[in-house]
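Welcome! Here is a guided walk through a structure that may be new to you, taken one region at a time. Keep the sequence and the 3D view at hand as you read.

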Amino acid sequence: MANLRYTEPRMNVIMAILCTVFGILLVRLFFLQVLSPEYSMLAMGNAVYRKVIYPDRGIMFDRKGRPILENTTTRDLMVLPSKLKKSDIPDICRILGIDTIEYRQRLINAIVKNGRYRPSVFEPTLSVDKSVKLQENAYLFEPGFYLQERPIRTYPYHAAAQILGYIGEVDSNILRRTNYFYQMGDYLGLNGIERYYERVLMGERGVSYQLRDNKNRIMGAYEGGQYDTAARAGKNLRSYLDIDIQQLAERFFANKLGAVVAIEPSTGGIIAMASGPTYDPNQLTGGDRRRNFSYLLSDTARPLFNRAIKGQYPPGSTIKPMGALIALDEGVISPDFGYGCTGAYHSCGRPIRCTHAGGGHASDLRTAMANSCNAYFSHIFRLSVDKPAYKNVQVGYDRWKQYANAFGMGTRLGVDLPSEDKGMIVDTSFYNRLYRGVWNSCNNVFLGIGQGELTATPLQMANLMCIIANKGHYYTPHFVSSIDSGGAADTMLAPFRIRHEVTHISPKAYEAVQLGMQDVVERGTARVARLQGISVAAKTGTAENYGIIHGKRVKLDDHSWFVAFAPREAPRIAIAVIVENAGFGATWAGPIASLLIEKYLTDSLRSERLAEVERIAAKEILLPVIKQKRKRMDSLWRARLLGKGLYADAAPPAPRPRTLNLQSPGRPVRLRADTPLPPARSLPAGRGHLATPLLPLSSKRVP
Amino acid sequence: MMPKKIDTQIRTDWVLILLYFVLAGMGVMSIFATTLNTENVWQGFLSLRTDYSRQSLFLLLSVVAGTLIILTDSKVFTTTAYLAYGLGILLMLLVFPFHTEVKGTRSILRLGSFQLQPAEVCKLFVNLALAKYIARTETDIRLLRDQLWTAAIILLPALLSVLQSETGLALVYLAFFLVSYRQGMSSLVLIIGASLAALGIATLLLDPNLLAALLTAIAAIALWLLRKPMRRNRSLLFLVLGAWAFSVGFQRVAVPLFFENVLKPYQVQRIYSTVGRDMPIDPSRMTAEDIRRIEDRKKATSYNVTQSKIAIGSGGWTGKGLLKGTQTRYDFVPEQRTDFIFCTIGEGFGFLGSAALLLVYLLMLWRIVQLAERQRSVFSTCYAYGVASVIFFHVMINIGMTIGLVPVIGIPLPFMSYGGTALLTFSIMLAILIRLDVDRNAVLK
């Protein structure tokens, strides 16, 4: 046996080889398992799915506890491509009303987006009809197709769109701004109350960790759910809104431009806030959201634009009570002060006309107020700013501006809505620049009658009524009265509990102004607003305004203003109404305000008043040029939809009474509608062409 | 007859049997862990539809077969060795006309519901035939004639395996050269063979420049160590320098030239992806077709290795526990019942569990080598070394593959991977060894 010679050493060599190889394997395993933590991370990423659970958003109630903003569920039709059966195709196509080409296209989209093993949305937000049909036949399609519920916002009263705002998917901008608090795919409040109270409404997101397999199918909870956190529903909001009043107000403004703000003077709670034109908030939920939104956005009347807080109008005569209060407090007049008006104010060159010419229509403050005498209020404005105690008009006007600011003019009130505008009240440097330092009270005498370099939002005017009704104080206007189980969230409401004192004008001065305003209704310009058994104090306004049409500055029809509060003795509602280009204050704004006051105070309308409601609601008040513009816009939409082959009948989306306006209220506007209509295809479709005509406020705008 | 029976019992190597049951038990448990998905474990078990219950059945069959073998006479194996070899070769040849294609291999014979992979079984017969040949009195392994004969015995089934597209199984036959080595074959063959394999894998795994530096360093150390003998024998210097030049030339020049000019990019990618790497080739050379093929291949092999590394790597020190491995439980690792069964241990029991498993294998090999050395007959020694070599080779390649050290070669982990043929083959192999060991004092020819 020659080979026995090798026995011992060769066995050792072989064992050495074995041990070496096992040693190498062991070292490698040590590196892989102990020294490389990234593999655990990769494994976590592979197998553990972090699912965010969205809580229900908070809902909102009106002052009578009726829900005006709710959550509801719609159904999406989901598809799981890996489980499809061929036999599904004809039935699904029949129920959804699509052809097989469309079916294939959607299926391919779904597979491209989420793969074959994860469900995708086949048709979002099914109509009730389709949903029911699919549910009946669900057993035919499952598990390839199935219905999945999805929460969306709903508005049972179809009202208060501009106030409530809307929610939408987060975009990269918001992601960055919020420091990635939100995640892609989250919904958040983008406007209105939804945005202002986002922190409260959103609730707290929950997280659940789930195991998934190599095809991304969920296999169950990770570690029995011990790392999961539960979602907490958003808090509910209680508001001062009265949805009946809100609906009535919106009804009036379906075919008009303008705004209504009604406030409860004792709390600052907003009873109603409407802006015309408005839209049904339900349009911005559900499946057609994107299309409706771009339609509303391209509308130059800007239904998404809340005129109540962003519309800046010359207040016209409605500012007169404030002018009277300032003059009274400055001591330049007493309630008995009279002015011999002969039909115009002549002291400043070109006469400022007055509606009345008869003797004694401005014999004291009450009478002048009742008759809205322009001469009287021009005069007392000049008396105020030229008060001898102030050494010149600069000081006097500065003082007057301080008063106006204290009344909330030219400042943001701080309502609980985002992007409130502050209106305009210029300071002395503006006049110094304009008149090169040489000016007197005649240059801005128009301020006394609410024209000139003065604009206010409807909210500010309603707030002014609150101040007069409260005789000198107000609470910041706001919607939300309380937050359910508020806790720390109540700090959000703290600013609305502060009582703001407006300088220290004596109650006697207020009394005089209030009586004057009561006379406005009882025997003055606003007799149309008289109510049986309720003493209404009001002031009409007819505001001159200008627009630029085709490059020419044109005087447009006057804005119709009406401000009021009632009952005078113990005010429960203060209101401001403006109807753009509607003429005299008493013609349209007055009746609207009167109906809203009556409805609010008596909770109903007398039967003979219902006809009045119909009459006002049916009346369309639009500049002809705007109507022309709207026609063109709609035809453009039709052309676009036809081009996409979306709608066989080419109806504009969501037919509704709508108004188109090219105006930023209260500002000059360039309209080009008097040119002949060019062929549709040469027009750049969309808002770019139509939204440009806004001009910045011209400084040479004094009438 | 009584005394002989007692003799058999006493002389049976229970250590090996115990190690066998440890490994086979861990195998069934791992398969159970990866495939369990029904609530009712017992129902799944008894219905024999689940993999773990079938593996248990195979284990039972293996134990029965092993017991029968231990109770037979050792002479059966020596006398039938060549016959068995012939039968094995015949089976492998039968595959060509009668194979059933399963998952891309053409190496499986099917008889009703029973599948047989002759290439797997044939290892056993080759081992017997090799032992028989070497044990002949007239054989001297140092002679070229006998070397050629042993090589022929080993390489014939290997060649047939390659023709059946089972390169991995063919490689296993190379393990038998360890037996030849033990019996006196020049160690140079082993050294050169192992070095070439190491060089090949290192070329794929390491950065070319780093490898060149390493090779140069090794050459320098060798020159320094050999400085005294070199004074007497100049040819040593040239030998070292020649080996260095060959190695560096191979990895820096030959391989890149071959990859770039002879092979298609997707073929290159295939070679690289077997070690879980991306191809270091300029993408501009590739056509759309190449890219598509590469992507397909990446999805298969590279994905396997990556997922297997993730599964094992996520085990940490002690692992996630049985049935808690997120990767192996949820099918992230492909083929995890069969070739990637080690992932289950790696993920479920971590480094300590993996080390323990390696230790069990090492103990088994050590025990087999011990047994081999105490045999009186050369046949038994050779056979025992053959068993050790095959098991060793399988463990090295299989575990090395799951942790990205060795190219992906689909061979099972002995006693653990799911699969009846493999388990039965390894069991019978071990049983024959134990039977031979009972007769360790007899002279078997």
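Before we start, one cut-off helps: a residue counts as buried if 20 or more other C-beta atoms lie within 10 Å of its own, as exposed if 12 or fewer do, and as partly exposed in between. Please also keep in mind that this is a predicted model.

## The two chains

Let us begin with chain A. Its 703 residues include 43% that are buried, and the chain holds 24 helices and 23 strands. When contacts in chain A between residues at least 6 apart in sequence are considered, 73% of them join residues at least 24 apart.

Now turn to chain B. Here we find 19 helices and three strands. Of the 445 residues in chain B, 45% are buried. For contacts in chain B with a separation of 6 or more, residues 24 or more positions apart account for 72%.

## Where the chains meet

How many residues of chain B are in contact with chain A? There are 39 of them, and they are in contact with 33 residues of chain A. Two or more residues each are given to this side of chain B by α9 (177-182), α15 (288-313), α16 (326-329), α17 (342-373) and α18 (378-402) of chain B. The largest share, eleven residues, comes from α17(B). Sorted by class, the side of chain B that touches chain A has 22 nonpolar, twelve polar and five charged residues.

For a single contact to look up, try F30(A), which sits in helix α1 (residues 7-33) of chain A. Leaving aside neighbours within four places in sequence, F30(A) is in contact with L35(A) and F351(B). Is F30(A) buried, exposed or partly exposed? With 15 other C-beta atoms within 10 Å, F30(A) is partly exposed.

## An enclosed helix

Next, find helix α11 (residues 243-252) of chain A. Why is α11(A) described as largely enclosed by the rest of the structure? Eight of its ten residues are buried, so the description fits. The buried residues are I243(A), D244(A), I245(A), Q246(A), L248(A), A249(A), E250(A) and F252(A). What covers them includes the strands β3 (67-79), β11 (258-264) and β12 (269-276) of chain A, along with the helices α21 (589-602) and α22 (607-618) of chain A.

## Three strands joined by hairpins

Further along chain A, strand β20 (residues 537-549) runs antiparallel to strand β21 (residues 552-566), and twelve bridges join the two. To see one pairing, look at I548(A), which stands opposite R553(A) in β21(A). The hairpin of β20(A) and β21(A) has two residues between the strands, and H550(A) in this hairpin takes a positive phi near 50 degrees.

Strand β21(A) also pairs with strand β22 (residues 573-579) of chain A; these two run antiparallel and are joined by seven bridges. Here F562(A) has V577(A) in β22(A) as its bridge partner. Between β21(A) and β22(A), which form a hairpin, there are six residues. The loop between β21 and β22 of chain A is also where P567(A) lies, and the peptide bond from A566(A) to P567(A) is cis, with omega near -15 degrees.

## Backbone details worth a look

Most residues other than glycine have a negative phi, and most peptide bonds are trans. Against that background, another cis peptide bond is found between G276(A) and P277(A), with omega about 0 degrees. P277(A) lies in the loop between β12 and α12 (289-298) of chain A.

Two residues with a positive phi, neither of them glycine, are set out below.

| Residue | Phi | Loop in chain A | Other C-beta atoms within 10 Å |
|---|---|---|---|
| H158(A) | near 55 degrees | between β5 (145-154) and α7 (161-164) | 16 |
| R436(A) | near 50 degrees | between α18 (428-434) and β16 (454-455) | 8 |

How do their surroundings read against the cut-off given at the start? H158(A) has 16 other C-beta atoms within 10 Å, so H158(A) is partly exposed. R436(A) has 8 other C-beta atoms within 10 Å and is therefore exposed.

Notes:
Residues are numbered from 1 along each chain as its sequence is written. Chains are lettered from A and ligands numbered from 1 in the order in which they are written. This is a predicted model: local features need pLDDT of at least 70, side-chain atom pairs count only at pLDDT 80 or more; totals for chains, interfaces and linings use all residues. Two residues are in contact if their C-beta atoms, placed from the backbone, lie within 7 Å. Helices (H or I, at least four residues) and strands (E, at least two) are DSSP runs, numbered from the N terminus. Ala, Val, Leu, Ile, Met, Phe, Trp, Tyr, Cys and Pro count as nonpolar, Asp, Glu, Lys and Arg as charged, and the others, Gly among them, as polar. Two strands pair if DSSP finds at least two bridges between them.
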